[in-house]
Amino acid sequence: PRFIDRSSFDMQDELHQKFWIVKEKIVPKIRKRLIQIAEDFINDLDKSITIKDITMTGSLANYNWSQYSDIDLHILFDFKKIDENYDLVKKMLDQSRINWNKTHNITIDGKEVELYFQDTNEEHMSKGMWSLMREKWIKEPKVEEVDIDLSTTEKKAASISNSIDHVAELFKDSKFQEAYDYASKLKLKISRMRTTGLAKEGIYSPENLAFKILRNANLLNKLSSLKVQSYDKIMSVTLETKTKIDFNKAWNTYLK
């Protein structure tokens with residue numbers, strides 16, 4: 001498919017030069033700004049949270065960065081310090097994170113900053129993880145030969161792309177309930193696909209790479225937008241305009 005850019009799979013010989021002075025040190029100005037962003041966000045939550053660490057992870061902390069990379073900024077703390085109900089806390093934090101990422105568009109050298117919450121007991125799959133607070137690698141990335149199943153990756157991405165097109169067609173045909181239901185089902189499928197791929201084969205699994213392709217092509221945003229628009233159409237009500245009665249005319253007609 002034309003939306004697939006195969007160059008995004010290329011492994012680099014070195015870390016991104018604009019973010020790293022050398023392999024052992026991130027650019028100080030970037031470090032300071034990322035910490036400030038994380039702390040400001042925590043303060044806006046109006047919750048008593050003790051941050052254990054703030055990390056930069058993802059492709060910009062590894063050798064698989066590309067023009068599509070964004071900055072994965074993780075805020076680590078003990079979720080149970082907020083409430084013993086872990087699932088409830090996670091759901092609340094996820095919604096806060098999503099709202100923040102939608103509302104803000106902060107970039108560093110054109111790379112968008114994406115905020116995440118991570119429980120201190122949660123395992124993270126990334127190949128590289130840099131502690132901004134301690135200024136050292138928690139997980140040091142390595143240049144490695146990667147065997148990517150490109151055929152399977154492209155097939156999975158193309159299949160989901162076609163499904164998103166189908167949602168768009170349903171919306172275009174004013175089948176808003178069908179569009180909403182299918183978009184919801186598709187978003188859940190994509191989430192499970194990526195989770196399964198990461199658990200089985202890690203970040204280079206066809207499922208995770210297909211997810212990244214769809215994200216890079218802005219197709220995931222398109223799907224989310226179609227879901228929201230469909231919901232709005234379902235919930236909207238158009239009232240019929242009542243015809244004003246000319247009582248004089250009606251009375252004269254009655255008299256006749």
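Here are some notes on how a few helices pack and on some of the salt bridges.

1. Keep in mind that this is a predicted model: local features need pLDDT of at least 70, side-chain atom pairs count only at pLDDT 80 or more, and totals for chains, interfaces and linings use all residues. Residues are numbered from 1 along each chain as its sequence is written, and side-chain values use heavy atoms, with hydrogens and water left out.

2. Start with helix 5 (residues 206-216; helices are DSSP runs of H or I, at least four residues, numbered from the N terminus). Eight of its eleven residues are buried, so helix 5 is largely enclosed by the rest of the structure; buried means under 20% relative accessible area, exposed over 50% and partly exposed in between (1.4 Å probe, protein chains only). Among the buried ones are Pro206, Phe211 and Leu214. The cover includes helix 3 (150-172), helix 4 (176-201) and helix 6 (219-235).

3. Glutamate 207 is buried too, at 11% relative accessible area, yet it has a salt bridge to lysine 156, with the closest N and O atoms 3.8 Å apart. A salt bridge here is a side-chain nitrogen of Lys or Arg within 4 Å of a carboxyl oxygen of Asp or Glu. This pair links helix 3 and helix 5, 51 residues apart. Lysine 156 is partly exposed, at 27%.

4. Helix 3 has another such link: aspartate 165 meets lysine 222. Lysine 222 sits in helix 6, so the pair ties together parts 57 residues apart in sequence.

5. For a local case, look at lysine 90 and aspartate 94, bridged at 3.1 Å, N to O. They are four residues apart in helix 2, about one helical turn.

Technical notes
Helix = DSSP H or I, 4+ residues; strand = E, 2+ residues; numbered from the N terminus. Contact = heavy atoms within 4.5 Å.
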